[in-house]
Amino acid sequence: MVKNCHKIFFSTAGVVLMVLSSTPAWAGILGDDWEKFFKEKVSFGGFVENTSGVSVGAGSHFFNTSNRFVMNRFIIQPEFNVDMAEWAKLFISWRFVAEPRYSMETKSREATVTYFPTQPVKPLIVTYYSEYSPVPWEAVLDVSPTDRLKLRIGRQFISWGETDGFRLLDVINPQNLRFSPPAAPNLFNLDESRLPSWGLRMLYTVRPVSNTILEFFALPGSLDFPDERVDLFMGANDTGDRKVRYGRWSAHPETRLTLGGRNAFGNLFANPLNPGACVGLGCLVIPSTTRQLPGAGESWKVGARVTHSIGKLNFGLGYIWGFNPQATDMVFKVTSVGCSAALIACQLGGAPSVVNMKLVNDRTNIFAGHFNYTVDQIASLPVNTAIRGEIALYPSEPYNISQYPGQFGLMASANPKYPEAIVEKNTLRYMLGFDRSTLIPFLQDDPWRPFRMSFQIFQRVIFDHENGIHPFSSAQKINKFTTNFTFRVSTGYLGDTILPDVFVSYDPAGYWSANPAVTYAPPWNEKISLSLIGAFYGGHNKFANLGLFSEKDSIFLKMRYQF
Amino acid sequence: MMKLRVNGQALLKPTAVTLSIILYGWLLLGFASVAAAAEADLKVGETIGPQNWQKIQGMVGENLLSRIKAGYTIQIKASKVYQPLKEYVEATEKYSGKVSLGANGELLNYVAGQPFPKLDPNDPQIGQKLAWNFFYRWLGDDYKTGGAVKGGKILRFAIEKDGSERRADVVSYFLFPSTRYTLNPKPAIPGYEHIDYIQLRIDSYPRDASGTTTLEIRYKDPARADDLHIYLPSIRRIRRATTTQRCQTLAPSEFNLDDINSFNGKITDFNYKYLGDKKILANISQEHLPFARKPGDYLPLDEKWEVVDTFVLEITPKDPNYCYPRKLLHLNKATFDTHWTLMWDKKGEYWKEQFGFFTPVKLADGREVWSVGDVVIVNVQNGRSTIVTATRAYNQGYPASMFSLATLQSIMRGGSIE
């Protein structure tokens, strides 16, 4: 009932705002003051966009017909600014997305997903990728009780950090990873895939001249839709027959674990009920997984930060409690082990056991820091570089852990030391980045139009590392040190009517992604843009890192009209 | 004790009379020059066109002159005279006596006002002094560029050679925290004595650019480069940028960082040479904002031009890699604003010309001052031009806290901060 009232209220508000901001004269029926208010205080903007994509991967495993269509996404996003008073402003936007469920994807899912106990696989609903809630996408009231204090209340985005393309500290708001290919910021930037959350943010400028700012935020989570309190992504791929995988951007599943021709993924997390006496399929453990979404009362995210400048150095130190871990940082938690048949059959080692697991968002916290600094020259040589960095300490971050090599001839199996299949380790992640504008006259029609370049190093260090730590979705081990490099270059030609932008990432362990894009912004209309974008992936091992997406190479055409 | 009365109010102390006479003297000379020019060559109401373009040769940029030869016409009007602001004159009187130049052209002992009100054409350092007078000309204690434009925004049009146009709207705020004349605290906000100006600039149209906000800080220290922070709405984060690449094109406009306000470089990074006085054609009483023009062209159709007395200042860079080996400013003798800026490239070829109209605006107390109106920059080599309507609203009383990184994080797409 309350939710229906919300929907009705926001739907009505949206329609009224749209009508009155486009024709303020209509507000005149409420009085001259209202007409004047809408003319002077309300502004309207937004965009409509269509993104279409096709798979270009050789011998696509996902589509065995000529239809290699991977995306046809239509978005309309109206936005309103209301200058309510000198000390109060309102911004409200709605987002409506129409994107069909792809029939090949659905058929693939029906063919490959199996549940235990056996039950019909639920098909993806037709509107699985669509978004049409009347609840505003973003609705913030900005209040400045004093010139140094800023409060933002409402459904909002809070983004910390200095990274580009990948997230490190930017884990306050969750992300929608269902529609966007990974590592493709030129296709959908972080803001387009970030999910808003209801809450409060406060910024207090203690000392303006040194940019000494105190920040505090609180997002209760209870006002958000349950599945939008955490990252949205397509569920784990089951591998009943190791054939076609479902989900456009689902990672390549773990297919190396088989026992008697059956999927032995469950053996990673639990041993059979009678490991000593089991024979054949009696040693198999079938996974039965559910996604455990955080409840309303346990979805709080709270954080605080102080930033300051000393000379050319700007830095910040902060703390986040109850962060939303990225999809790749989630863990399976073993809750119980049962039997696929009568219990006695498993106890005698003759029938497969069943491990019940929940995919959980652990409420780990983060000690956060960032800095940026400009370097003009080193030893009289012009460097002209901005350096930035981010650091995050995750105390007791949970990881799944298994035993390598495993029992029963498997590559890996459950580690009896950890009955929940989880180990907690202090983890340090950091990023160091360098930004530079460089003139390369011979590559340009305007010799003074610079190339903007940025280079980033991401690293993760797991303290007190143990052999056997692996991500929840794969048996590929995570090393003590994990490194990733990214490089981005962009510029403009012909008066910035042609805008190329290339983002690449590389893991020295042998994985890469490339996200080139070229945008045409016509000189006769600033509202239109057309972009051709590629998302390409590779790696020697398709069970790890960006190799997980090595069969998902695609190109996209994005058409956008701003109003 | 003699007092000078303006509008019935006794404004100036006797000790300021001498200074005022010097400042007014330049104005009167200018006015006299105008009258002389009008009588000798150009008359009020006269139309200049293809038939008589020779009359104004050297008084406008070569590209505009070419357009006149090709058929464009302009009309001459009487020159406007602006009164210098009393507080600025008083500050000049109070502080200019101790100002001098350092070994590298840096300014020593400067507090506020015009650094060098007394200029000797034979002074070998006159060029440097003119440059400092230009940098510290009266610009208010703060201003909102676009604040006096209908809609409260800067309108920018980037025009291609074929006449295609793209529009962008910007809002820009300037704070001069260490040279304050009217608003308290004066002459400087405590803690900000080391900062010349802070600019907060917000893109507001088109939508994808809107919300992009920059915070730029110019320091008095000649050795310290500007700080630049940019908020990118696409990632909702602030990114740090370097400003040492002053020549980079601010595409799709034809400006670069140092073209803003005609010359925005660090004064000590350049050499200056005074080339003499010159009468030029300008418009310091623009009537229509923005001026009327044909779509796809930058020529004003409904504005008249007036003769203005200027100092001609040649600027050459100390850095041999700088984009403009030569730049000419034409500084209004009374206000030290520029009306014509001409630029050449490294081959010595004429590259860009920029002219800026000015217009009267009122302060909150009703006094009339001048503001930039429409500014046009033309790249004569690629045929592109950019027009900016940037009339200012001065002395709005912006708090220093507005010019901080907290503000960057609080701007929404299409939104405002006041």
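I will go through the confidence of this predicted model, the contact between its two chains, and one helix of chain A.

Residues are numbered from 1 along each chain as the sequence is written, with chains lettered from A and ligands numbered from 1 in written order. Because the model is predicted, local features need pLDDT of at least 70 and side-chain atom pairs count only at pLDDT 80 or more, while totals for chains, interfaces and linings use all residues.

For the complex, the predictor gives an ipTM of 0.91 and a pTM of 0.90. In chain B the mean pLDDT, the predictor's confidence in each residue from 0 to 100, is 89, and 90% of the residues reach 70 or more. Among the elements of chain B (DSSP runs, with helices being H or I of at least four residues and strands E of at least two, numbered from the N terminus), helix α4, residues 126-135, has the highest mean, 98, and strand β1, residues 4-6, the lowest, 36. Residues 1-14 of chain B stay under 50, as do residues 21-40 of chain B. Where pLDDT is low, the predicted coordinates should not be read in detail.

Turning to the contact, 53 residues come from chain A and 47 from chain B, where two residues are in contact if their C-beta atoms, placed from the backbone, lie within 7 Å. On the side of chain A that touches chain B, strand β17 (residues 381-403) gives the most, with five residues.

Finally, in helix α3 of chain A, residues 103-112, E105(A), S108(A) and R109(A) are buried, that is, 20 or more other C-beta atoms lie within 10 Å of their own. These three cover an arc of only 100° around the axis, taken from the directions from the helix axis to the C-beta atoms, which puts them on the same side of α3(A).

Key:
Buried ≥ 20, exposed ≤ 12 C-beta atoms within 10 Å, placed from the backbone.
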